[in-house]
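This report walks through a structure by its helix packing, its cores and a few individual residues. Have the sequence and the 3D view open side by side.

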Amino acid sequence: MYIKREIEDYIRKASASFQAIVIYGPRQVGKSTTVDMIFGDKFKSVTLDDTNERELALSNPKGFLEVHPWPIIIDEVQKAPNLLSEIKIIIDDQRKKWLKENKERELMFVLTGSNQFELQQGISESLAGRAAIFNMSSMTQLESQNIIGDLFNPDISELLKKTNSTKVPYKTKSEIFDYIFRGGMPDIVVGNSERELYFKSYFDTYIEKDVLKLIAASSEMQFRRFMSYLALRTSQQVNYEVFSRELGIDNQTVKRWLSILVTSGIIVLLEPYMANISNRIIKSPKLYFMDTGFCAYLCKWPNARMLEDCAMSGAFFETFVVSEVLKNFYNHNIDAKNYLFYYRDIDQKEIDLLYVLNNTIYPIEVKKGQQPTKPTKNFNVLSKYGMEIKPGLIIDTCDAIRPINEKAYSYPVFMLGI
């Protein structure tokens, strides 16, 4: 069974304007399946996971593109980065032909890959202005229900309008934690794979195909422990010194290994909002796993009920909310780093999320229960920025949007993404 992805409409729109489309994201989030559903009837496909194809692409990129002429889908293109400069030449030559013949431009190449850094570096050097770039993640909670939502906007008037126009079934806290435990990987969502076996294979494949080429083979087991260690600290601030001491590895290795996980889309680092006003603001980013199911697997939680009742349940609920908002931004091809931050100062005052738009701040708190005590107690600290502070959101497991006070409304987590 295929579930339509929210990002599809933006990919289709880009195909009318660009000669290349690049889609990157972690392994098995549905890049190849989605691309095949959109372009498979007109484009042939080749993957550089195939050893013979990869060897040809590396040794003779021009010959590879003669054997596989456009229109073509090339999967795992980062494994042969020298292809990108040849693709540029082909696109530029074809553009000249279309210009002379007074013809409309067409989409020629669809490229997918699981390493964000390698792809972005090659594209900025070779395909700037020729390629539309998309970041793809595992499914959102709405996608898993076959619901196509809209770009997340924390403005309460907009949210109330969407609530009236889009009906989403209510989810209890236990049902939300069922989803958190399962995660959004397509094979699990559609029931093609048993969760435990799937994540074991996923972990092994990720280490084998993406990590071992970047670290010493002798460090494999230590890197596996590193990932499990981080999973137990999802939604916490990054402290390189503490991580280094507790893991027994040096600071530079911690930073390099974190970078590997970020560039392959496994984790994201949420930056604090600085605005150049105070040295009292904590400067460390917060760490979140992008798929809560994989995070729970690495933590070895055996089932959703134990996860819901454990000491980490709040951290997982926050991870779920943050990852859902980030996925929503990805699906609308918007860079979340320009809008999403968190706040924490040396007085331990913290706000989980700040949505910053122009000269306006929307504060957002994440609470796994209903009717939390004094959820807006820290919102006053934002006055120091001299910006307009809009009514914020308390995202929890309530069943409807309700005002809490003049500073915030409660907002149901099951509606995220409408």
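At roughly what angle do the axes of helix α8 and α16 cross, and within what distance do they come? The axes of α8 (residues 173–182) and α16 come within 11 Å and cross at roughly 75°. The model is predicted.

**Helix packing around α16**

Angles from 65 to 115 degrees count as roughly perpendicular. The α8 and α16 pair is therefore roughly perpendicular. On the α8 side the contact is made by I176, F177, Y179 and I180; on the α16 side it is made by S313, F316, F317, F320 and E324. By class, the residues of this contact divide into 7 nonpolar, 1 polar and 1 charged.

A second helix also packs on α16. The axes of helix α14 (residues 292–299) and α16 come within 10 Å, with a crossing angle of roughly 150°. Angles over 145 degrees count as roughly antiparallel, and so α14 is roughly antiparallel to α16. The crossing is right-handed. T292, C295, A296 and C299 of α14 meet F316, T319, F320 and S323 of α16. This contact has 5 nonpolar and 3 polar residues, and no charged ones.

F316 and F320 recur here. Both belong to the α16 side of the contact with α8, and both belong to the α16 side of the contact with α14.

The two pairs in brief:

| Helix pair | Axes come within | Crossing angle | Citation |
|---|---|---|---|
| α8 and α16 | 11 Å | roughly 75° | |
| α14 and α16 | 10 Å | roughly 150° | |

**Two nonpolar cores**

In soluble globular proteins, nonpolar side chains tend to be buried together. Here the largest nonpolar core has 101 residues. Within it, F39, F223, F226 and M227 touch the most other members. Which helix gives this core its largest share? Helix α16 (residues 313–331) does, with 9 residues. Apart from this core lies another, of 24 residues, including A20, F64, L111 and L119.

F226 deserves a closer look. Leaving out residues up to four places away in sequence, F226 touches L247, I249, V254, W257, L258 and L261.

**Neighbours on helix α5**

I90 sits in helix α5 (residues 83–100), and I91 is in α5 too. Is I91 buried or exposed? I91 counts as buried, because its relative accessibility is 0% and the cut-off for buried is under 20%. I90 has a relative accessible area of 24%, so I90 is partly exposed.

Their contacts, again without residues up to four places away in sequence, can be set side by side. I90 touches L65, W70, M108 and F109. I91 touches Q19, A20, M108, F109, L127 and R130. M108 and F109 appear in both sets. One of the contacts of I91, A20, is also among the members of the 24-residue core.

Two longer spans start from this pair. I90 and T47 are 43 residues apart in sequence, and their C-alpha atoms are 19 Å apart in space. I91 and R245 are 154 residues apart in sequence and 50 Å apart in space, C-alpha to C-alpha.

**A buried lysine**

K162 lies in helix α7 (residues 156–165). Its relative accessibility is 11%, so K162 counts as buried. Beyond residues up to four places away in sequence, K162 touches D150, L151, N153 and I418.

**Backbone exceptions**

Most residues other than glycine have a negative phi, and most peptide bonds are trans. Three places in this model depart from that pattern.

The peptide bond from W70 to P71 is cis, with omega near 5°. P71 is in the loop between α4 (61–67) and β3 (72–75). W70 was met above as a contact of I90.

N102 has a positive phi of about 55°. N102 lies in the loop between α5 and β4 (109–113). With a relative accessible area of 71%, N102 is exposed.

N333 has a positive phi as well, near 55°. N333 is found in the loop between α16 and β8 (340–344). N333 is partly exposed, with a relative accessible area of 38%.

Terms used. Residues are numbered from 1 along each chain as its sequence is written. This is a predicted model: local features need pLDDT of at least 70, side-chain atom pairs count only at pLDDT 80 or more; totals for chains, interfaces and linings use all residues. Side-chain values use heavy atoms; hydrogens and water are left out. A nonpolar core is a set of buried Ala, Val, Leu, Ile, Met, Phe, Trp, Tyr and Cys residues joined through side-chain atoms within 4.5 Å. Buried means under 20% relative accessible area, exposed over 50%, partly exposed in between (1.4 Å probe, protein chains only). Helices (H or I, at least four residues) and strands (E, at least two) are DSSP runs, numbered from the N terminus. Contact means heavy atoms within 4.5 Å. Axes are lines fitted to C-alpha atoms, for helices over the stretch in contact, and angles run from 0 to 180 degrees between N-to-C directions. Angles under 35 degrees count as roughly parallel, over 145 as roughly antiparallel, 65 to 115 as roughly perpendicular and the rest as oblique. A crossing is left-handed if the near helix is turned anticlockwise from the far one by less than a right angle, and right-handed if clockwise. Ala, Val, Leu, Ile, Met, Phe, Trp, Tyr, Cys and Pro count as nonpolar, Asp, Glu, Lys and Arg as charged, and the others, Gly among them, as polar.
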